[in-house]
Amino acid sequence: MKGDQEIVGTLLGFDDFVSVVLEDVTEFEITPERRRIPELDQILLSGNNVTVLVPGGEGPEV
(Lines give C-alpha, C1' and ligand atoms only; values in the text may rest on other atoms or scores of the structure.)
Protein backbone atom coordinates (compact mmCIF):
# COMPACT_ATOMS: atom_id res chain seq x y z
CA MET A 1 0.00 0.00 0.00
CA LYS A 2 1.04 3.58 -0.44
CA GLY A 3 2.24 5.06 2.84
CA ASP A 4 3.22 3.03 5.89
CA GLN A 5 0.55 0.35 5.63
CA GLU A 6 0.49 -3.36 4.96
CA ILE A 7 -2.69 -5.34 4.53
CA VAL A 8 -2.76 -9.13 4.92
CA GLY A 9 -5.73 -11.31 3.98
CA THR A 10 -7.14 -14.01 1.76
CA LEU A 11 -7.61 -12.96 -1.87
CA LEU A 12 -11.20 -13.42 -3.09
CA GLY A 13 -10.92 -11.62 -6.42
CA PHE A 14 -9.35 -8.85 -8.48
CA ASP A 15 -9.92 -6.90 -11.68
CA ASP A 16 -7.88 -5.45 -14.58
CA PHE A 17 -7.03 -2.37 -12.48
CA VAL A 18 -5.58 -4.50 -9.63
CA SER A 19 -8.44 -3.59 -7.31
CA VAL A 20 -8.62 -6.52 -4.90
CA VAL A 21 -11.21 -8.02 -2.54
CA LEU A 22 -9.74 -9.64 0.59
CA GLU A 23 -11.32 -11.48 3.53
CA ASP A 24 -10.01 -12.16 7.06
CA VAL A 25 -8.01 -8.93 6.79
CA THR A 26 -5.43 -7.53 9.19
CA GLU A 27 -4.13 -4.02 8.58
CA PHE A 28 -0.68 -3.06 9.85
CA GLU A 29 -0.09 0.69 10.10
CA ILE A 30 3.09 2.13 11.56
CA THR A 31 2.53 5.42 13.39
CA PRO A 32 4.92 7.49 15.53
CA GLU A 33 2.97 6.51 18.66
CA ARG A 34 2.44 2.78 18.02
CA ARG A 35 1.56 0.12 15.47
CA ARG A 36 -2.20 -0.13 14.93
CA ILE A 37 -3.66 -3.52 13.93
CA PRO A 38 -7.39 -3.47 13.17
CA GLU A 39 -9.03 -6.67 11.91
CA LEU A 40 -11.73 -6.62 9.23
CA ASP A 41 -14.01 -9.32 7.80
CA GLN A 42 -13.73 -8.12 4.21
CA ILE A 43 -12.25 -5.17 2.31
CA LEU A 44 -12.10 -3.77 -1.23
CA LEU A 45 -8.78 -2.09 -2.05
CA SER A 46 -8.58 0.28 -4.99
CA GLY A 47 -5.81 -0.61 -7.41
CA ASN A 48 -4.58 3.01 -7.19
CA ASN A 49 -3.35 2.31 -3.65
CA VAL A 50 -1.77 -1.11 -4.22
CA THR A 51 1.99 -1.05 -4.82
CA VAL A 52 3.02 -4.71 -4.25
CA LEU A 53 1.19 -8.03 -3.96
CA VAL A 54 3.08 -10.80 -2.12
CA PRO A 55 1.54 -14.28 -2.38
CA GLY A 56 1.90 -16.17 0.89
CA GLY A 57 3.12 -13.07 2.74
CA GLU A 58 2.57 -13.11 6.48
CA GLY A 59 2.89 -9.41 7.26
CA PRO A 60 5.35 -7.60 9.48
CA GLU A 61 6.46 -8.84 12.90
CA VAL A 62 4.36 -7.28 15.67
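Here is a short back-and-forth about how the labels on this predicted model are earned.

Me: What makes the protein chain as compact as a globular protein of its length?

Reply: Start with the elements: zero helices and four strands, running β-β-β-β from the N terminus on. The radius of gyration of the protein chain is 12 Å, and the globule rule gives 11 Å for 62 residues; those values are close, so the chain is as compact as a globular protein of that length. As for the box, the C-alpha atoms fill roughly 35 × 20 × 20 Å along the principal axes.

Me: How do you know that β1 and β2 pair?

Reply: Two strands pair if DSSP finds at least two bridges between them. β1 (residues 5-14) and β2 have eight bridges, in the antiparallel sense, so they pass that cut-off. One example is Leu11, whose bridge partner in β2 is Leu22.

Me: And what makes β2 and β3 a pair?

Reply: Same cut-off of at least two bridges. β2 and β3 (residues 35-36) have two bridges, antiparallel again, so they qualify. Glu29 has Arg36 in β3 as its bridge partner, and the two strands form a hairpin with four residues between them.

Me: Which sense does the pairing of β2 and β4 take, parallel or antiparallel?

Reply: Antiparallel, over six bridges. Thr26, for instance, stands opposite Glu39 in β4.

Me: Why is the set with Val20 and Leu22 called a nonpolar core?

Reply: Such a core needs buried residues of the nonpolar kinds, joined through side-chain atoms within 4.5 Å. Val20, Leu22, Val25, Ile43, Leu45 and Val50 make up the largest one, six residues in all. β2 (20-30) and β4 (39-45) are the elements that give two or more residues to this core, and β2 has the largest share, with three. In soluble globular proteins, nonpolar side chains tend to be buried together.

Me: What does Val20 touch?

Reply: Leaving out residues up to four places away in sequence, Val20 touches Leu11, Gly13, Phe14, Ile43, Leu44 and Leu45. For the whole chain, buried residues make up 19% of the 62. Among contacts between residues at least 6 apart in sequence, 38% join residues at least 24 apart.

Me: Why is Val18 called partly exposed?

Reply: Buried stops at under 20% and exposed starts at over 50%. Val18 has a relative accessible area of 36%, so it lands in between and is partly exposed. Val18 is found in the loop between β1 and β2, a hairpin with five residues between the strands. Its phi is positive, about 65°, although Val18 is not a glycine.

Me: Why does Asp24 count as exposed?

Reply: The cut-off is over 50%, and Asp24 comes in at 56% relative accessibility, so exposed is the label. Asp24 is found in strand β2. Asp24 also has a positive phi, near 50°, in a residue other than glycine.

Me: And why does Pro55 count as exposed?

Reply: Pro55 has 79% relative accessibility, against a cut-off of over 50%, so Pro55 counts as exposed too. Pro55 is found in the segment after β4. Pro55 and Val18 are 37 residues apart in sequence and 14 Å apart in space, C-alpha to C-alpha.

Me: How much area does the protein chain expose?

Reply: About 4,800 Å², with carbon and sulfur atoms supplying 50% of it.

Note on methods. Residues are numbered from 1 along each chain as its sequence is written. This is a predicted model: local features need pLDDT of at least 70, side-chain atom pairs count only at pLDDT 80 or more; totals for chains, interfaces and linings use all residues. Side-chain values use heavy atoms; hydrogens and water are left out. Buried means under 20% relative accessible area, exposed over 50%, partly exposed in between (1.4 Å probe, protein chains only). Contact means heavy atoms within 4.5 Å. The radius of gyration is taken over C-alpha atoms; the globule rule is 2.2 Å times the number of residues to the power 0.38. Accessible areas come from the Shrake-Rupley method with a 1.4 Å probe; for residues, only the protein chains shown count as cover.
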